[in-house]
Every structure is written in C-alpha cells, then in structure tokens.
Amino acid sequence: MIVQDDDDVAFLRTLGERVRDLRARRGMTRRSLARESRVSERYLAQLEAGQGNASVLVIRQLAQAFGIVPEALVAQSDPAPETAGVIATIRSLSPDQVRSVQQFVGSMVTAGDAAARPRRIALIGLRGGGKTTLGALLAHERGVPFIELDREVERDAGVTLSTIFEFYGQAGYRRHERACLERLLDTEPRFVLATGGSIVSEALTFERLLASCYTVWVSASPGEHMARVVAQGDTRPMAGNREAMNDLERILAGRDALYRRADVEVSTAGRSVEDSLTALRAVVPPA
C-alpha cells in the first residue's frame, strides 16, 4: 500500500493540472479524451482533481530510486545519450534561460529559410477570429493562393474532419496535418495559409510552421469567437457541451502563450472586416 506524503499530494495535483492544460490546448472535452485514451471519464475527473491512484505514485517512486525522471520509465524507446544530456541540461535551466535557448535554436532553424518566410503568411488562432475571411482577402490582394490547412487535410484523407476525428482520433488528424504542411512547404513558394486553431499544441508541427512562415495571431474576445462560430452554424468542438463558453475560455487560456509566439498579433475584436484587413496589411511583409 502506498502511503502518500505531502510531496506525493503535490505531485498528483501537478499531474492533474497538466492533464487539464493539455486537454484545453487541444480543445478536447473530457469525454473525447476518455474515448481516445480508453480511460473512463470518472477516472479522468479524479486525475484532474489531483486524486490519481497509487499506480501513478509507484512509477514515480521507482524513478526516484533509479535517479531518473518518471517519464523515462514509460518512454517507448531510450533517447540517445546526447539527447538525454540535452534534456537534462534544459530541465536545470530557469524559464528565462529556456526561452533564450528556444530563440537560439529557432534562429538556427530559420537561418536558411529567411528569404522564404516573408512570402509565406500563416494565420493562427482560434476558430471565429477571422482567419478565413481575412486570409482570403489578403491572398487576393497579394496575388497568391489562399489555403486552408484543414481543407487540405480533408482532401488528403478523402473524408471530412469529423470522420477523421471519429475513426482515427487526434493522432490521425495530426499525422495528416503535418504531412499536408510539409507538402505545401515543398510545393508552394508563396501563399496565405489559415491553420487549424490547435496546430500550436503540436510542438513539432508548430515549430515547422514558425520556422517556415511569417505567422500572425488573429485574435478576438471569447464572446466574439463563440458568436462568430455559432453564426456560421458550426459549434464543433463544443457541440452538446453545456459549458461551451467555459471550455472556450480554458482553451484560449491554455494556448495563449503558444499563440503569442507568432511574429505579430492582429486583434479583430470590435473591428469590421475592412478595419481588420487594414491592420493585417500593415503588419505583414510586403508582397
């Protein structure tokens, strides 16, 4: 029997908060996470409340005995020694130092793509912000293709997004999303791209986007996001959820720091399409 001390309680509480944060970033309800993970909603609720069961603590205690981090025990493969060393070093840094390392690595990645980035404009942000409307208008002005990444995913898969999520889950969608982005970067030297709102929660895909495109966060207030999505007759992924606005606010809060990694932000809150387009036109590189 595992006897929990204060440190164990704090660990379980932190684990629950991380599960909640990850779920919010991906825009997943607890029900959809339960379906994809094959973990009951009841247990997920307990986990998010900081009441994970004893087996979680067993993994943690074994890791402490080995002098390693818990995730090393459940990793599907051992990292290369060099990679493990880098991970260990990063874990010892302060948040400001980690951001500096991230910026340095990002500059290395984008160095060879510096000329291409301004010709590829990528709009990120939650649904209902205005990415599609503004993106299509900006692309027309610049004389370049306007591309919606989700539509490319549907063409690539041969089915609708709802079918992808229903049969293949988030993992299946992410595979198609990354493949479509890579194809566009290989074949389209100039474009305006509207991405899915959750692309920022997939680290490798988002890093690729940031390295290859000039990114703009198209933002709005939670109420405007919701009103615009409802006006379009589409409430996915909040359909059937009585706490839709609370979920929306959690998603925005969970992704805020990620969206802020864009090159610039354009707020459409309280603005007409014309005013928003003027603001967007002013912050993107010349065609």
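1. The bend at a residue is the angle between two fitted axes, one for the seven residues ending there and one for the seven starting there. In this predicted model, helix H13 bends by about 30 degrees at Ala253. The helix runs over residues 244-259, and its 16 residues reach 21 Å from the first C-alpha to the last, which is close to the 22 Å expected at 1.5 Å a residue.

2. As to the wider setting, the chain has 14 helices and five strands, and 37% of its 287 residues count as buried. Among the contacts between residues at least 6 apart in sequence, 73% join residues at least 24 apart.

3. Which residues of H13 are buried? They are Ala244, Asp247, Leu248, Ile251, Leu252, Gly254, Arg255, Leu258 and Tyr259. For reading such a list, it helps to recall that an α-helix has 3.6 residues a turn, so residues three or four places apart point the same way. The cover over the buried residues of H13 includes parts from several places in the chain: helix H1 (6-25), strand E1 (120-124), helix H11 (203-212), strand E4 (214-219) and helix H12 (222-231).

4. A search of the whole structure for aromatic pairs finds two. In one of them, the ring centres of Phe165 and Tyr173 lie 4.9 Å apart with the planes at 25 degrees, and the pair is therefore stacked, since planes under 30 degrees apart count as such. Both Phe165 and Tyr173 are buried.

5. Trp217 and Tyr259 form an aromatic pair that is likewise stacked, with 5.4 Å from centre to centre and 25 degrees between the planes. Because Trp217 belongs to strand E4 and Tyr259 to helix H13, this pair ties together parts that are 42 residues apart in sequence. Trp217 and Tyr259 are both buried, and strand E4 is also one of the elements that cover the buried residues of H13.

6. Turning to another helix pair, the axes of H9 (residues 149-157) and H10 (residues 161-187) come within 8 Å and cross at roughly 110 degrees, so H9 is roughly perpendicular to H10. On the H9 side, the residues that meet H10 are Leu149, Asp150, Arg151, Glu152, Val153, Glu154, Asp156 and Ala157. Their partners in H10 are Leu161, Ile164, Tyr173, His176, Glu177, Cys180, Leu181, Arg183 and Leu184. Tyr173 thus appears among the H10 residues that meet H9, and its ring is stacked with that of Phe165.

Terms used: Residues are numbered from 1 along each chain as its sequence is written. This is a predicted model: local features need pLDDT of at least 70, side-chain atom pairs count only at pLDDT 80 or more; totals for chains, interfaces and linings use all residues. Side-chain values use heavy atoms; hydrogens and water are left out. Helices (H or I, at least four residues) and strands (E, at least two) are DSSP runs, numbered from the N terminus. The expected span of a helix is 1.5 Å times one less than its number of residues. Buried means under 20% relative accessible area, exposed over 50%, partly exposed in between (1.4 Å probe, protein chains only). Contact means heavy atoms within 4.5 Å. Rings of Phe, Tyr and Trp (its six-membered ring) pair if their centres lie within 6.5 Å; planes under 30 degrees apart count as stacked, over 60 as edge-to-face and the rest as tilted. Axes are lines fitted to C-alpha atoms, for helices over the stretch in contact, and angles run from 0 to 180 degrees between N-to-C directions. Angles under 35 degrees count as roughly parallel, over 145 as roughly antiparallel, 65 to 115 as roughly perpendicular and the rest as oblique.
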